[in-house]
Amino acid sequence: MGLVLASFGLATSLVSLPRPVSVVAGLAGATLSLMETRANRRRAREVRFQPRKGDTYRDVISNSVDLGPSVESSRDVGILLSRENAELRKRPIRAVVQRGDYKLPRDLKTWSLDYLTHRAKTGKIYNDGALCLTSDLLSEDVVKLRAGRYFDFMCSNLLAPLDIWEVGRKSPALRGRDLILDPDGRLISFKRSRLANLIGVSTLAFTTDGQLLVVAQTDENIGSPGLLAPSGSGALEPEDVPADPADWTIQKIAMNGAERELREECHLTERDIKDSSLIGHGRWISRGAMPEFCAVTLLNLTGDQVLDRSPRRVERYYVHEFMPVGLAPRRLWDPSRPLEMLLQHRQAVSWPLALGLACLAECITDESWPLRNELVARLEG
């Protein structure tokens, strides 16, 4: 029917068809649309996206001890990649953007329309461009990135915490765990992964009087709804890649993205930012084991000056407020217990914020880290 209607449309552009033919084609088009709408609704009733809320991924953590310690927040769990983070702080790591965008595998594409419809009922969704990770940091000479879109991320990484059930089946049509684990129960590498693996980026911004700027996200925010996030958090976008290929390092690209998110969410300008440094990354297991990079940013503002500002109008759908908070004394910092670094709000911490705090506790003991001395002076001043 669709091919026939397409033929009529092409014929109409070439010659003038009799009115009865045009009427029949119009009625056929309306009928086809109605049939498709009813079929989609019927299919939606037959498919269930079942969250695994009780899945703590303890087995995954125990099988990944060689990668680094686990990082847990109020809702999610992930892994701090300690060995790779030491290299991130030690030397620039080259990055390339490969040709060809990420394409959903056929089996995941089968569920894409149903899942996007399901997500649209719970909040605002969008399909902006993003950058995805296709290699592991230390497995090759360069880090490989490629373009993708948010819908690709939703229909791949965000399916991992779910099992898909169809009416009449005794087993799931798709087990979300199978998307991130190999047959031995170990995390699939980024090189072997079939998921989009959109690259998350965030930064911990510190004021001149040693306070950490955190963002309270709205319930509509797809990142960490209703939780406290880092000073700026989101995903890498193509615009974050420097114009000069000589500057193509994963550190530079990730810091560009983190600072962009910081300016957007906290209503800052480039003059408000003194310096930034990438401090680490991890894998957010609860989100399809996606990559998450974190940085530290030193601001040229005091905590009171930050409080004088409010979220921009375009960000109010996602950002409820941003506020400076104090951290526990530095002697109490422990990468394995990042939530204890906060004096309050521990039960409302998002996973990117927990990861950033864990990376900060890890690198603050590294005297070669370029921002260490000034950050310590701010914290103790």
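How many bridges join strand β10 to β15? Select residues 212–217, which form β10, together with β15. Six bridges join the two strands, and they run antiparallel. This is a predicted model. Pick Ala216 next: its bridge partner in β15 is Glu321. Now show β15 alone, residues 319–325. The strand is mostly covered, with five of its seven residues buried.

Move to the open sheet of three strands, ordered β4-β6-β5 with mixed pairing. Its edge strands are β4 (95–97) and β5 (129–133), each pairing on one side only. On average, neighbouring strands here are turned by 35 degrees against each other, direction ignored. Select β5 and β6 (residues 143–149): five bridges pair them in the antiparallel sense. Leu131 stands opposite Ala147 in β6. Add helix α7, residues 250–266. The helix lies across β4, β5 and β6, at about 35 degrees to β6.

Stay on α7 and select Arg260, then Glu237 in the loop between β12 (232–235) and α7. Their side chains meet in a salt bridge, 3.6 Å from N to O. Both residues are buried. Extend the selection to Glu239, Asp240, Glu261 and Glu264: salt bridges that share partners join these with Arg260 and Glu237 into one network.

The structure holds 25 salt bridges. For another, select Asp59 and Arg177, with closest N and O atoms 2.8 Å apart. Asp59 sits in helix α3 (residues 58–62) and Arg177 in the loop between β8 (174–175) and β9 (200–206), 118 residues apart.

Finish with Asp66 and Arg186, a salt bridge of 3.1 Å, N to O. Asp66 lies in the loop between α3 and β2 (70–72) and Arg186 in the loop between β8 and β9, so the pair ties together parts 120 residues apart in sequence. Asp66 counts as exposed at 51% relative accessibility, while Arg186 is partly exposed at 34%.

Conventions
Residues are numbered from 1 along each chain as its sequence is written. This is a predicted model: local features need pLDDT of at least 70, side-chain atom pairs count only at pLDDT 80 or more; totals for chains, interfaces and linings use all residues. Side-chain values use heavy atoms; hydrogens and water are left out. Buried means under 20% relative accessible area, exposed over 50%, partly exposed in between (1.4 Å probe, protein chains only). Helices (H or I, at least four residues) and strands (E, at least two) are DSSP runs, numbered from the N terminus. Two strands pair if DSSP finds at least two bridges between them. Axes are lines fitted to C-alpha atoms, for helices over the stretch in contact, and angles run from 0 to 180 degrees between N-to-C directions. Contact means heavy atoms within 4.5 Å. A salt bridge is a side-chain nitrogen of Lys or Arg within 4 Å of a carboxyl oxygen of Asp or Glu.
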